[in-house]
Amino acid sequence: MKGVFAACFLISNIVFGQKIKWEEGKKLNWSNFKSQVNNQRGDNVVAYTNCGWMYSYVKSSNPKAPVKITIQTIFNEYQSWKDVKRINDYVLLHEQKHFDVAEVFARKLRKEVSEKIKNGADFDRYFKTIYNTILKEYQDFQKTYDGETRNGMVEEKQAEYNRIIAEQLENYKNYKTS
């Protein structure tokens with residue numbers, strides 16, 4: 001029995017140790033970027049943040065029963081990369097903002113879910129559409145963020161996005177996880 005517990009503990013550490021959950025006030029550091037492979041294109045890419053959401057739900061076979069949906073923002077350490085010769089604190093701030101943007105859109109998703117999904121029937125009817133709509137907005141925002149800041153190299157645009165992202169986190173603070 002001890003061997004089974006130890007094996008499960010080790011496996012869970014390997015699987016879940018690769019992901020960092022977004023937490024208010026907790027910042028990424030360069031040691032979190034563990035991928036050895038740069039799968040991004042372009043010479044101006046100094047780092048890559050792989051982040052997004054994980055969700056789970058508990059739903060009864062009774063369509064009128066309440067459904068519990070949990071949405072977490074995560075950073076994938078072993079899919080996030082850095083060029084150790086070119087990293088600095090400014091680049092890390094830009095990458096942190098990618099993670100923060102993921103949390104903004106997770107909060108938007110939590111808001112939509114809390115307003116529109118009350119039971120299993122609502123989940124079956126609306127969740128996929130809500131999720132895909134917010135996901136598209138999230139992906140578009142991330143792409144625009146990198147484009148307008150030129151991956152963080154345009155300092156005035158980066159400062160503008162830092163403000164926008166902070167405002168959005170504040171605007172959706174009622175939908176953060178506890």
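This briefing walks through the helices, the sheet and a few single residues of the protein shown above.

The structure is a predicted model. The protein has 4 helices and 5 strands, and along the sequence they follow the pattern α-β-β-β-β-β-α-α-α. Of its 178 residues, 39% are buried. Taking contacts between residues at least 6 apart in sequence, 77% join residues that are at least 24 apart.

**The sheet**

- Let us start with the strands: an open sheet is formed by 3 strands in the order E1-E4-E3, with antiparallel pairing.
- Strand E1 (19-21) and strand E3 (51-58) are the edge strands, and each of them pairs on one side only.
- From one strand to the next, the twist averages 40°.
- Strands of a sheet pair through backbone hydrogen bonds, and the pairing can be parallel or antiparallel.
- E1 is joined to strand E4 (residues 68-76) by 3 bridges, and these two strands run antiparallel.
- To find this pairing in the model, look for Ile20, whose bridge partner in E4 is Phe75, and for Lys19, which stands opposite Asn76 in E4.
- On the other side of the pairing story, 8 bridges join E3 to E4, and these strands also run antiparallel.
- A good place to see the E3 pairing is Gly52, which has Ile74 as its bridge partner in E4.

**Helices on the sheet**

- Helix H2 lies across E1, E3 and E4, and it runs at about 170° to E4.
- Helix H3 packs on the sheet too, where it touches E3 and E4; the direction of H3 makes about 170° with that of E3.

**How H2 meets H3**

- Two packed helices are described by the angle between their axes and by the distance between those axes.
- For helix H2 (residues 89-116) and helix H3 (residues 120-149), the axes come within 10 Å and cross at roughly 155°.
- Because of that angle, H2 is roughly antiparallel to H3.
- The crossing in which H2 passes H3 is right-handed.
- Sorted by class, the residues in the contact of H2 with H3 are 13 nonpolar, 4 polar and 7 charged.

**How H3 meets H4**

- The axes of H3 and helix H4 (residues 155-171) come within 8 Å, crossing at roughly 150°.
- So H3 is roughly antiparallel to H4.
- This is a right-handed crossing of H3 past H4.
- Which residues meet here? From H3 come Phe141, Thr144, Tyr145, Glu148 and Thr149, and from H4 come Lys157, Gln158, Tyr161, Ile164 and Ile165.
- By class, the contact of H3 with H4 has 5 nonpolar, 3 polar and 2 charged residues.

**Residues to look up**

- Ile117 sits in the loop between H2 and H3. Is Ile117 buried or exposed? Its relative accessibility is 7%, so Ile117 counts as buried, the cut-off being under 20%.
- Leaving out residues up to four places away in sequence, Ile117 touches several residues, among them Val67, Ile69, Phe123 and Ile130.
- Ile117 also shows how the chain brings distant parts of the sequence together: Ile117 and Pro66 are 51 residues apart in sequence, and their C-alpha atoms are 8.7 Å apart in space.
- Lys97 is found in helix H2. With a relative accessibility of 12%, Lys97 counts as buried.
- Not counting residues up to four places away in sequence, the residues that Lys97 touches are Tyr145, Gln158, Asn162 and Ile165. Of these, Tyr145 is among the H3 residues that meet H4, while Gln158 and Ile165 are among the H4 residues that meet H3.

**The loop between H3 and H4**

- Arg150 has its place in the loop between H3 and H4, and Asn151 lies in that loop as well.
- What is special about the phi of Arg150? Phi of Arg150 is near 50°, a positive value in a residue other than glycine.
- Asn151 also has a positive phi, near 55°, and is likewise a residue other than glycine.
- Arg150 is exposed, with a relative accessible area of 53%, whereas Asn151 is partly exposed, with 22%.

Technical notes:
Residues numbered from 1 in each chain as written. Predicted model: local features only at pLDDT ≥ 70, side-chain atom pairs only at ≥ 80, totals over all residues. Heavy atoms only, no water. Axes fitted to C-alpha atoms, helices over the stretch in contact; angles between N-to-C directions. Parallel < 35°, antiparallel > 145°, perpendicular 65-115°, else oblique. Left-handed = near helix turned anticlockwise from the far one by under 90°. Nonpolar A, V, L, I, M, F, W, Y, C, P; charged D, E, K, R; others polar. Pairing = 2+ DSSP bridges. Contact = heavy atoms within 4.5 Å. Buried < 20%, exposed > 50% of the residue type's maximum accessible area, 1.4 Å probe, protein only.
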